[in-house]
Amino acid sequence: MRGLMMDRPLLIGALIQYAAEYHGDTEIVARTIEGPIHRYTYCEAERRAKQLARAFKRLGIGPGDRVATIAWNNHRHFELYFAISGIGAVCHTINPRLFADQLRYIVNHAEDKLLFLDLTFVPIAEKMAGEWAKLRHYVIMTDRAHMPQTSLPGALCYEDLVAGETADFVWPEFDENTASSLCYTSGTTGNPKGVLYTHRSTLLHSFAICSANAVGISMRDSILPVVPMFHVNAWGVPYAAAMSGAKLVFPGPKLDGASLHELFMEEKVTLSLGVPTVWLGLLQYLEQTGKRLDGLKRVTVGGSAVPRSMIEAFEEKYGVQCIHGWGMTEMSPVGTLGLPKLKHLERSRDELLAIKAKQGLPMFGVDMKVVAADGKVQPHDGKASGELLVRGPWIVGAYFNDDQATAAAFDEAGWFRTGDVATIDDDGYMIIVDRSKDVIKSGGEWISSIDVENAAMGHPDVAEAAVIGLPHPKWDERPLLIVVPKPGRQPSKESIVAFLGDKIARWQLPDDVVIVPEIPHGATGKVLKTRLREQFKDYRLPTI
Ligand code: AMP
């Protein structure tokens, strides 16, 4: 028997409409690239999103079209999130740190028609414009007074676009499974893969992260997302904030300790979210200046494992709850949180810290299983490890137009392979113990070992190259390049790094190069990365 409740779609347009109607005077604050702090309300944000929605029509953008952004966390980017998805188009957020080949690939693969970009990123777009075949318009996210001289063909001004329209617009209704946003992940080898979220997945994820078993977002919060809006929709925070009527504080391009601290204090921020590298910068700044974090109640740290010392510093020195989260672009992104249960609260300080340092317990909606190499599902005993697979309503079901990547990403029962190696303990807490994907995560951004290895292999004196990630206090991981020279050749470290200089992005260059007579191989001839990681586990990078 079917139930008799209304079948109303879960839509992103409804989020901003709700925020404007019931939290209309709640503030959205942004540090702008032009300089001053911009301040307005949900009511005004919705009005401008509606004006943009009308402008899209004039520019020939409609449902299903991909509209790209390359932008910092700011109020204009926030408006675009709702204006683009709200009309049924797809908001494709692009990570400006990708290198040229990846930028070329993703804009063409997504078939973006329109690109919005912050002033900072105009030079990147100018370099790439000739290679982005289908882009019809560029819109620079600034006002007329700050419009730069640019070679971008027919570049439009954001504020002119908004001002040219009225707000006479009603958010349309459509199927909640309609695509809403698109984010490419380079967290695996090969070409970046597109994760195409739906309105439904976005709203379900928002409900989940708002819950007290997760980040606990409410209308009494002032939230500063440091995690970029070009990285998995800033972990879903802009949507969850609109859903709960929380104040939003956007940091723009300034993510250093001093700038963040200033906004925390002035905007009475209660919750902030970001990767460990950002928090390390903030903690160092506090240490140097003796400043405090009064008012800040919790930080959510994810994207890489949180060092226990960071949890200790936030909680014991500054009285700020530290919430450790794990997730992936493919998971919208939040999957688990290292939050203690009621029964844990009586445990010793050390035991509690150990629980908080775990990747944690899944939110309702995320199913997890750990599978050994022989396909056996491992018990929840905190010891048996294997690859972690997940499924759920906000987890990717297929990559966007990429059958090959899709075929490799799921098991026979349709569970998604995370490429993380984990254990699950008898309380259900997941701990990541290794990674089966061959990538390095530096400051929240991926470096593909294979890309660096292939580039190094092009050096005339190099016979074989392997790259592994080594722990780094600031960046979490940095690459070490291990090289076997060709017979009779003796390449210097410097010549290898110089050779790589124009082949990979500067921040992806290895921190050190080690020359060895041979690299270990497995039975199938593959480099044994596990053996190399073991061999170099005590190696100290010169950058530490
Ligand atoms: P991304 O899709 O770029 O967000 O990266 C997702 C991947 O980052 C995961 O599969 C993990 O390998 C890693 N990751 C994310 N959060 C954590 C965490 N809390 N601890 C350890 N690794 C993490």
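The following exercises, each with a worked solution, concern a predicted model.

**Exercise 1. Helices α1 and α2**

Determine how α1 and α2 are oriented to each other, and describe the residues of their contact.

Solution.
Step 1. Identify the elements: helix α1 covers residues 12-22 and helix α2 covers residues 42-58.
Step 2. Read the geometry. The two helices pack at an angle of about 140°, and their axes are 8 Å apart.
Step 3. Classify the angle. Angles over 145 degrees count as roughly antiparallel and those from 65 to 115 as roughly perpendicular, with oblique used for the rest. Helices α1 and α2 are therefore oblique to each other.
Step 4. Assign the hand: the crossing of α1 and α2 is left-handed.
Step 5. List the residues that meet. From α1 these are I16, Q17, A19 and A20, and from α2 they are Y42, C43 and E46. The residues of this contact divide into five nonpolar, one polar and one charged.

**Exercise 2. Helices α1 and α9**

Carry out the analysis for α1 and helix α9 (residues 237-244).

Solution.
Step 1. The axes of α1 and α9 come within 7 Å and cross at roughly 45°.
Step 2. The angle places the pair in a class: α1 and α9 are therefore oblique to each other.
Step 3. The crossing of α1 and α9 is left-handed.
Step 4. On the α1 side, I12, L15, Y18 and A19 make the contact, while α9 contributes Y239, A242 and M243.
Step 5. By residue class, the contact of α1 with α9 holds seven nonpolar, no polar and no charged residues.
Step 6. Bring the two contacts of α1 together. A19 takes part in the contact with α2, and A19 also belongs to the contact with α9.

**Exercise 3. The setting of S181**

Establish whether S181 is buried or exposed, and find the partner of its side chain in a polar contact.

Solution.
Step 1. Locate the residue: S181 is in strand β8, which spans residues 179-185.
Step 2. Apply the cut-off. Buried means under 20% relative accessible area. The relative accessibility of S181 is 0%, so S181 counts as buried.
Step 3. Find the polar partner: the side chain of S181 makes a polar contact with the side chain of N233 at 3.3 Å.
Step 4. Complete the surroundings. Not counting residues up to four places away in sequence, S181 touches V90, C91, V195, L196, Y197, N233 and Y239. Y239 is also one of the α9 residues in the contact with α1.

**Exercise 4. Helix α12 and V299**

Which residues of α12 are buried, and against which elements do they pack?

Solution.
Step 1. Helix α12 runs over residues 308-317, and M310, I311, A313, F314 and E315 are buried in it.
Step 2. These buried residues pack against α11 (276-289), β13 (298-302), β14 (321-327) and α13 (349-357).
Step 3. Examine β13 through V299, which is found in that strand. At 0% relative accessibility, V299 counts as buried.
Step 4. Leaving out residues up to four places away in sequence, V299 touches S272, W279, F314, V320, Q321, C322 and I323. F314 is among the buried residues of α12.
Step 5. Consider what follows the helix: G319 comes after α12 and has a positive phi, near 65°.

**Exercise 5. Backbone features in two loops**

Describe the backbone at S332 and K268, and state whether each residue is buried or exposed.

Solution.
Step 1. S332 is in the loop between β14 and β15. P333 also lies in the loop between β14 and β15 (334-337).
Step 2. The peptide bond from S332 to P333 is cis, with omega near 10°.
Step 3. Phi of S332 is positive, near 80°, in a residue other than glycine. With a relative accessible area of 6%, S332 is buried.
Step 4. K268 lies in the loop between α10 (257-266) and β12 (271-274). Its phi is positive, near 50°, again in a residue other than glycine.
Step 5. The relative accessible area of K268 is 62%, so K268 is exposed.

**Exercise 6. The side chain of T406**

Which backbone atoms does the side chain of T406 approach?

Solution.
Step 1. T406 is found in helix α14 (residues 403-409). Its relative accessible area is 18%, under the cut-off of 20%, so T406 is buried.
Step 2. A polar atom of the T406 side chain lies 3.0 Å from the backbone nitrogen of Y399.
Step 3. The side chain of T406 also reaches the backbone oxygen of D402, at 2.8 Å.
Step 4. Apart from its neighbours within four places in sequence, T406 is in contact with A398 and Y399.

Terms used
Residues are numbered from 1 along each chain as its sequence is written. This is a predicted model: local features need pLDDT of at least 70, side-chain atom pairs count only at pLDDT 80 or more; totals for chains, interfaces and linings use all residues. Side-chain values use heavy atoms; hydrogens and water are left out. Axes are lines fitted to C-alpha atoms, for helices over the stretch in contact, and angles run from 0 to 180 degrees between N-to-C directions. Helices (H or I, at least four residues) and strands (E, at least two) are DSSP runs, numbered from the N terminus. Angles under 35 degrees count as roughly parallel, over 145 as roughly antiparallel, 65 to 115 as roughly perpendicular and the rest as oblique. A crossing is left-handed if the near helix is turned anticlockwise from the far one by less than a right angle, and right-handed if clockwise. Contact means heavy atoms within 4.5 Å. Ala, Val, Leu, Ile, Met, Phe, Trp, Tyr, Cys and Pro count as nonpolar, Asp, Glu, Lys and Arg as charged, and the others, Gly among them, as polar. Buried means under 20% relative accessible area, exposed over 50%, partly exposed in between (1.4 Å probe, protein chains only). A polar contact is a pair of N or O atoms within 3.5 Å; within protein, one must be able to donate a hydrogen and the other to accept it, and residues adjacent in sequence count only if both atoms are side-chain atoms.
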